[in-house]
Amino acid sequence: MDLLDWHRGTLSSRRVLALIKNLPQDSAVQRELHGESAEWSITDHLLAATVDHLAVANWMFLCVNGGEDGDQPDPPEPVPRPGGPDRDDDGADTDENGRSARAEESTDVSPHALARFFG
């Protein structure tokens, strides 16, 4: 298919739109529009959820059946998904712009609310 046909008048705009909408999920256009999440299909998301649930089930089994005096294992980390918060080098959650999630939470409290809390 030659897209110059659209300029020549032999390819309609409707056909170009239909071609763009039905591009494969891993196409360059989809990756540009949706980023890394374009590479993940519904199957990939379901598999990641399955892995997360199995890890939590195994962790709960170890916690319940472990010795009372022994150290409890750390909870499992979920499988990283595209479009979710990234992790800094120190393990802090960050959003797409690199801002700390904890910093956003702390800015939600107004000075008046703090004064009322401590007053």
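## Contacts of Gln30

Setting aside neighbours within four places in sequence, Gln30 touches Ile20, Lys21, Leu23, Pro24, Gln25, Gly35 and Ala38. The model is a predicted one, and this description refers to the predicted coordinates.

Gln30 sits in helix α3. Its relative accessibility is 11%, so Gln30 counts as buried, the cut-off for that class being under 20%.

## Val29 and the surface patch

Val29 also has its place in helix α3, which spans residues 28-34. With a relative accessible area of 37%, Val29 is partly exposed; that class lies between the limits of 20% and 50%.

Val29 belongs to a nonpolar surface patch together with Ile20 and Leu33. The accessible area of these three residues adds up to about 270 Å². Ile20, a member of this patch, is also among the residues in contact with Gln30.

## Secondary structure

The chain contains 6 helices and 2 strands. Read from the N terminus, the order of elements is α-α-α-α-β-β-α-α. The two strands thus follow one another in that order, with four helices before them and two after.

## Chain totals

The chain has 119 residues, and 9% of them count as buried; Gln30 is one of the residues in the buried class. The exposed area of the chain is about 10100 Å², of which 57% comes from carbon and sulfur atoms.

Taking the contacts between residues at least 6 apart in sequence, 25% connect residues at least 24 apart.

How values were computed:
Residues are numbered from 1 along each chain as its sequence is written. This is a predicted model: local features need pLDDT of at least 70, side-chain atom pairs count only at pLDDT 80 or more; totals for chains, interfaces and linings use all residues. Side-chain values use heavy atoms; hydrogens and water are left out. Buried means under 20% relative accessible area, exposed over 50%, partly exposed in between (1.4 Å probe, protein chains only). Contact means heavy atoms within 4.5 Å. Accessible areas come from the Shrake-Rupley method with a 1.4 Å probe; for residues, only the protein chains shown count as cover. Patches are made of residues with over 30% relative accessible area and no salt bridge: like charges are joined within 9 Å, nonpolar side chains (Val, Leu, Ile, Met, Phe, Trp, Tyr) within 5 Å. A salt bridge is a side-chain nitrogen of Lys or Arg within 4 Å of a carboxyl oxygen of Asp or Glu.
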